Amino acid sequence: TDPVDQLSAQLEKLGSLDKYPNCHPEVNPQDIYRAHITSIIHEITGVDNAIVYNALQWTLSLDKGDMVLAIPALRVKGNPLVLGKQWLEKWPESPLVEKPVISGTFLPFFFKPGPLTQLTLPTARKLGREFGANKANGLKDPSDPSKGKKRILIEFSSPNIAKPFHAGHLRSTIIGGFLSNLYAVAGWDVVRINYLGDWGKQYGILAVGFERYGSEDALAKDPINHLFEIYVKLNKEISDEKQETEKLQKDGKTAEAQNIIENGTDEQARKYFKLMVDGDEKALALWKRFRELSIDRYKETYNRLNIQFDEYSGESQVSEEAMNGAAKSMLEKGIAEESDGALIVDFSKHVPGKVGKALEKPIVRRKDGTALYLTRDISELLNREEKYNFDHMIYVIASQQDLHVKQFFKIVELMGHNEIAAKVQHINFGLVLGMSTRRGTVKFLNDILRDVGDYMHEVMKKNQDKYQQVENPEAVADIMGISAVMCQDMAGKRINNYQFDMAVMTSFEGDTGPYLQYAHARLCSITRKVNLSEEEIASADLSLLTEAHATNLVRVLSQWPDVVQNTLRTLEPTTVLTYLFKMTHVLSSSYDHLRIVGSEPGLMKSRMALYDTARIVLNNGMRLLGLTPVERM
Ligand code: ARG
């Protein structure tokens with residue numbers, strides 16, 4: 001029989017497993033331990049199960065145990081040391097856990113290696129790509145799956161058409177892609193939204209520029225760079241004309257100056273954009289083409305990062321009507337007020353103290369009636385509520401826009417939409433320092449990825465022996481380069497700034513993307529060499545895995561589902577990445593001790609089951625981060 005079933009039955013007798021919410025032994029071996037230890041402590045202390053269950057903590061390193069209880073967390077009156085001693089006197093013999101030895105005010109628990117291996121390896125291998133996932137998280141009602149999944153909208157990336165895809169967009173893309181994967185693995189219904197900067201006078205500039213300098217060929221070949229070049233050129237002309245006008249005015253040539261003001265490039269662009277706002281079909285057709293061609297190109301890049309959006313929304317998609325409605329409602333509710341012909345929100349009048357002052361006095365409608373970034377965001381949020389009826393929404397936007405997001409969330413709340421305000425969340429992040437490309441200072445994502453790929457290729461060439469064996473070195477270098485960029489981005493806490501450093505990120509030494517890829521490829525190469533069938537591995541005698549290196553690796557591998565649960569709390573990619581580095585370090589130090597090629601057949605099978613589990617965890621972790629694990633390099 002299945003060892004998991006067997007142990008579950010045994011534990012059923014010791015105390016029911018499923019009386020704890022969020023206890024899922026079928027997908028998370030550690031939950032069995034959590035439930036088991038809880039029953040023991042509850043028996044001994046009489047403390048409520050739920051309190052005990054939630055007080056069991058992870059440890060920072062294996063030498064501190066597999067789980068730990070801070071005695072004061074149970075809120076039992078008395079000296080923790082004395083209490084701990086008394087409890088330990090009553091501690092029963094357990095099939096799963098060694099009897100703890102008190103350490104300060106903590107009770108550390110060490111899992112008995114045998115059963116942990118019996119539970120972890122088959123569970124992980126049976127679940128495969130799903131190991132670590134727990135779809136119950138996303139259920140509307142965990143006790144009744146027929147009520148369906150919770151829906152989360154994740155807005156991320158959101159570049160501006162015809163402007164550089166800068167480091168902020170890169171980070172938003174990486175973090176947003178990761179969060180989307182995380183919620184999908186947790187069983188939520190995830191809607192990925194890209195809110196493009198695709199509206200405003202700059203599209204008038206672009207259209208006028210295209211009429212002057214555009215080439216259909218260049219547009220088809222490389223729309224992103226072509227449009228950007230035109231945009232830069234036109235902006236230069238506008239500023240030249242402005243200087244010219246000032247000079248003419250200074251020289252008293254008023255009529256000539258007036259002529260430029262009324263007919264110059266800037267005015268043409270303004271008029272063009274006005275046509276777009278008024279719905280002129282011809283004007284809109286050109287803009288729409290720019291937008292669609294750009295989206296096609298973005299999609300190619302997103303595919304390289306394993307990201308697909310469900311919706312390409314954008315500033316253009318917010319209707320003037322909706323924004324007028326929102327402005328009107330703000331005015332009626334007394335949130336907005338007139339100031340110099342414009343509408344502003346003076347937060348100090350609505351939110352007491354320092355907080356209100358810090359929110360400043362943003363404009364929500366200009367004197368000329370045109371709406372703004374802030375007002376668009378408000379309308380778009382109300383629109384998404386109607387369209388998607390979501391349970392939660394995350395905006396992945398740089399911390400440079402913290403104030404903007406605070407203002408817009410607060411206005412929505414002041415408008416009386418408390419339930420909406422309560423389910424939106426800003427996930428912010430710091431700056432990338434020192435990012436530039438070899439081909440100049442403009443940073444489009446594709447150029448960055450190509451540069452890092454080239455660099456990676458050079459690094460790989462330095463080891464000619466290995467390089468000769470790689471089948472498609474360019475493609476591998478490309479994936480490795482992307483992994484390098486992504487892992488450097490996800491290594492620290494989101495809010496920290498970091499230095500973009502090609503030499504560091506592409507190194508095979510240290511905690512880098514290439515290092516993870518190397519670890520994965522090595523596991524795949526072992527699998528190929530050993531070449532055992534699924535059944536052979538499944539029939540392995542796991543009791544042969546007795547060495548400390550083997551049991552420590554099992555202990556780390558068994559933590560993976562908990563790491564995913566913890567990540568749902570931190571929403572930090574580094575929670576996953578740090579774990580993967582920890583795991584691969586334990587793994588790589590075990591190779592010398594747990595040789596597989598050349599060992600006797602029984603041992604070979606059991607060690608293969610162990611390495612296969614490591615491969616599954618590493619593969620799942622890398623894909624959760626958005627990486628493409630390579631099998632050969
Ligand atoms: N396009 C904006 C920019 O590049 C980012 C949009 C962020 N999302 C939002 N809902 N405001 O700065």
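Which order do the five strands of the open sheet have? Keep this in mind as you look through the close-ups. This is a predicted model, in which local features need pLDDT of at least 70 and side-chain atom pairs count only at pLDDT 80 or more, while totals for chains, interfaces and linings use all residues. Residues are numbered from 1 along each chain as its sequence is written.

**View 1. The open sheet.** Its five strands follow the order 6-5-4-10-11, with parallel pairing. (Strands are DSSP runs of E, at least two residues, and helices are runs of H or I, at least four, numbered from the N terminus; two strands pair if DSSP finds at least two bridges between them.) Strand 6 (311-314) and strand 11 (424-427) are the edges, each with a single partner strand, so one side of each is left without a neighbour in the sheet.

**View 2. Strands 10 and 11.** Strand 10 (residues 392-396) runs parallel to strand 11, and four bridges join them. Look for Ile394, whose bridge partner in strand 11 is Gln425.

**View 3. The ligand shell.** Around the ligand you will find Glu155, Ser158, Asn160, Tyr195, Gly197, Asp377, Tyr395 and Ile397. (A residue is near a molecule if its C-beta atom, placed from the backbone, lies within 6 Å of it.)

**View 4. Helix 11 meets helix 12.** Here Tyr272, Leu275 and Met276 of helix 11 meet Ala283, Leu284 and Trp287 of helix 12. (Contact requires C-beta atoms, placed from the backbone, within 7 Å.)

Conventions. Contact = placed C-beta atoms within 7 Å.
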